[in-house]
Structures are given as C-alpha cells and as structure tokens.
Amino acid sequence: MKNIKYIIVALFATAFAFTAYSQGCVSGGGDVVGVHGFIQSEYNYYMNGTDANGKSLDQNTFNINRARLGVVGSIPYDVDYYVMIEYSPFTPQNKVHLLDGYVSYTRFSQWAKISVGQFKSPFSLEQNTACSGLYTVDRSEVVNQLAGPQRDLGFVVNGGNDSTFVQYSVGMMNGSGMNVKDDNRFKDIVGRVVLSPLRSTGIDALKDLKLGGSFKYGKINPTDNTQPLNEITRLGVELQYKLHGFLLQSEYILGTDKLHSASQVPVFGGCGGIVGYETKSAGTYNKSGFWVIGSYMTPWNLEPTVKFDTYMADHAVTNSRTNRITVGLNYYINDYARLQMNYINAQESAGIVNDRFVVQLQAKF
C-alpha cells in the first residue's frame, strides 16, 4: 500500500507540474511548481577471479542505479518545498520510497534559509554533491560509511553561495536515518562550513580555491537498553580547486564510536542505506579515510578522471583497510545527458579479487 501511495502522489505531482510549466524544473517567485528528476542505467562487469578449478567467477549484469522523480516549487510568500522519490528497485530498500521531502522558509535565504523535513545530512563535500553530478559513478567508501546516514529527518539552517566568502549549514537531526522514527530522545548536531579565502583577490588562479570542514555528534542506542547511550563523533576537512577545465577535490574524515556496552553498529551502503550491523564490544573505536580526485574537461566534452580513496574500518585492526583506484572517462552528450565509464581497482587487506568495470548512462530532466 505504501508503494502505491508514493506512486499516486508522484504521478499527480508530475501531471500538475507539466500542465503548469512544461519547461520542467522551475523555482522562485510566485506560486510555481516544476518537475525534475533523473535516471541512471548501468552495465556492471565484476572481476571475481577464478575458483579452485580455474573456472571464472566473473559476473555481469544490467541494472538501474537510480530512477528519481520529484517536484519543487514556491508558495507566496517566502516558502519553498521539495519532494523527491526513488523508484529504482536496485537499492538497499528494494522498494519505492521517499528520499527528500522538506519545506523551507526563504525570506533571508542568502544568509539563513531554514528547512524542516527529510534531506541530506549537511556533512561532507562528496555526500552533498548531487548523485547526478558526481565525477565517478560511486561515492567513496569512507563517505558511505562515516557520513551515514546520508539522509535524515530534522531541521537545518544554511546560508551563503558560491559568490560569498563563507557558506554554511548547521542542523539538528534524528540520527536514525531516512523514513525512520527517532529511537531515542537525543538529536544529532551536524554542520558544514566552506570558505573561499582568496575570492576577493581578483586573481583567476586563486578565486576558485575552497577550504571546508564538517562535524557531527550524536548518540545511538546500545543493544542493552539499560546501558548508557553510545556516542558517535565525525570530523571532516575538505579542499576544492578549479582552474579552467581542471578540477581537484579531496576530503578526509575521522570517526570515533564510543560504545559503553556491547552494541550493533550500522554498516551503511550506497545512498545511505543500512546493509547490515556489526556487533562490537564496549570500547572506543576509531576509523578514518580520505579520497582525492582529479579531472580535466577537454574541448570535446570528454572528461578523463582519476580517483583514489581509502577507508580503514578500525584503527586497531591491521587488516581493515580498503583502497580503491578509479580510472574513468565522462562524455557529456549535452547539458542533460552523460555517459560515464569507470574501472575500479579494489585493493583490500584480505586480498580479495573484486575489480569492476561499469558503464552508466544518465539522463536528467
């Protein structure tokens, strides 16, 4: 029944949006509404080595990475709304579900826009890069794990833009993830600040340098509810630099889980979905990782990309690090369609063979 309700709402909103504004996504000024979304179709080839008899364990498959449809609009006066629904069945949730749904007060939006509802947590550069704007098909493992849950319920205040010295977002959120009620009375405090320290110099080679940081502090339930709540802390630093067609981005995230008793700690997957739990005994656990990416947009709409990301799931465990090197090529067919090809070389401490080649075709509207 829930799936049917989501579909009816989305189709009704889409029909209304196209009737009012056939151009698509419209925002700002007056009583307007627009439809937007994107679809990412994929082909994956998994290189899994061979078995004891020398037989290939490779697999390949077609799937839909994301298929999203939503509406955005404004209501007189100073109120915006945003709704986005995921339709792809190839997600950890394996069903149609609400991704984003929030209302914003925009009277002072340049410096303090207030939003209430469900949205991305204001933590991490890569997490807050739109899925349709990522330079590689996948996000880094450190972001998937330490920035999760990717989406949550709460409120956030943000201000600034690409033309200002400072951009910021700070919020209070449930901490239990999307479409889930809060399971304790404490809230996560989350925030991100990005500075453009050299924008005012007027030097082209320096104006697009950005430095930033993120933080999160929250509490999660122990397995035994008679024990104190566990504490989680996340800290991140980031760098962005653009010069003509060249792009460089990097981010480091440190996570600390302080468990007061034996507990199940969530293991996150792509787009913030929980794919399982890991049982940990009482103690303090540190985990960290970083990623760095470089790309160059050529005059032919071809964008070669190289990325390195690493994640250490537990500083106290020797064989807990995973490194990935991604070599990719993006072809921008036009402003609304893009073809991405990535080869991902995974290097794990356990010596598992699981490289991957993926082709993704994206269309936005």
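Helices (H or I, at least four residues) and strands (E, at least two) are, in these notes, DSSP runs numbered from the N terminus.

**Entry 1: ground rules**

I am working on a predicted model, where local features need pLDDT of at least 70, side-chain atom pairs count only at pLDDT 80 or more, and totals for chains, interfaces and linings use all residues. Residues are numbered from 1 along each chain as its sequence is written, and side-chain values use heavy atoms, with hydrogens and water left out.

**Entry 2: the whole chain**

I started with the elements and found three helices and 18 strands in the chain. Next I looked up burial, where buried means under 20% relative accessible area, exposed over 50% and partly exposed in between (1.4 Å probe, protein chains only). Of the 365 residues, 42% count as buried. For contacts I used heavy atoms within 4.5 Å. Among contacts between residues at least 6 apart in sequence, 54% join residues at least 24 apart.

**Entry 3: the cores**

A nonpolar core here is a set of buried Ala, Val, Leu, Ile, Met, Phe, Trp, Tyr and Cys residues joined through side-chain atoms within 4.5 Å. Which members of the largest core touch the most other members? I noted Phe 123, Val 142, Val 143, Leu 146, Ile 253 and Trp 291, out of 16 residues. At least two residues each come from α2 (141–146), β11 (246–259) and β14 (283–296). The largest share, three residues, is supplied by α2. I also found a second, separate core of five residues, Val 72, Tyr 82, Leu 99 and Met 178 among them. As background, nonpolar side chains tend to be buried together in soluble globular proteins.

**Entry 4: β11 and its partners**

I then walked along β11, whose side chains alternate. Leu 247, Gln 249, Glu 251, Ile 253, Gly 255, Asp 257 and Leu 259 point to one face and are buried. Phe 246, Leu 248, Ser 250, Tyr 252, Leu 254, Thr 256 and Lys 258 point to the other and are not buried.

For pairing, DSSP has to find at least two bridges between two strands. How many bridges join β10 to β11? I noted 13, with the two strands antiparallel; Val 237 has Tyr 252 in β11 as its bridge partner. These two strands form a hairpin with two residues between them, and His 244 in the turn has a positive phi of about 55°. With β14, β11 shares 14 bridges, again running antiparallel, and Leu 247 is bridged to Ser 295 in β14.

Leaving aside neighbours within four places in sequence, I saw Ile 253 in contact with residues including Phe 123, Val 142, Leu 146, Leu 235 and Gly 289. Leu 235 is in strand β10 (residues 230–243) and is partly exposed, at 45% relative accessible area.

**Entry 5: Trp 291**

Trp 291 sits in β14 and is buried, with a relative accessible area of 1%. Its side chain makes a polar contact with the side chain of Glu 251 at 2.9 Å. By polar contact I mean a pair of N or O atoms within 3.5 Å; within protein, one must be able to donate a hydrogen and the other to accept it, and residues adjacent in sequence count only if both atoms are side-chain atoms. The C-alpha atoms of Trp 291 and Glu 251 are 5.6 Å apart, with 40 residues of separation along the chain.

**Entry 6: Arg 338**

I looked up Arg 338 in strand β17 (residues 337–348). What is the nearest side chain of opposite charge? I found Glu 303, 5.5 Å away, and Arg 338 is buried yet has no salt bridge. Lys and Arg count as positive and Asp and Glu as negative, with His and the chain ends not counted. A salt bridge needs a side-chain nitrogen of Lys or Arg within 4 Å of a carboxyl oxygen of Asp or Glu. The side chain of Arg 338 does reach backbone oxygens: that of Leu 134 at 3.0 Å and that of Ser 132 at 3.1 Å.

**Entry 7: backbone oddities**

Most residues other than glycine have a negative phi, and most peptide bonds are trans. Ser 124, in the loop between β5 (113–120) and α2, has a positive phi near 85° and is buried at 0% relative accessible area. Asn 301 has a positive phi of about 65° and is partly exposed at 36%. I also noted cis peptide bonds joining Pro 76 and Tyr 77, with omega about -5°, and Gly 148 and Pro 149, with omega about 0°.
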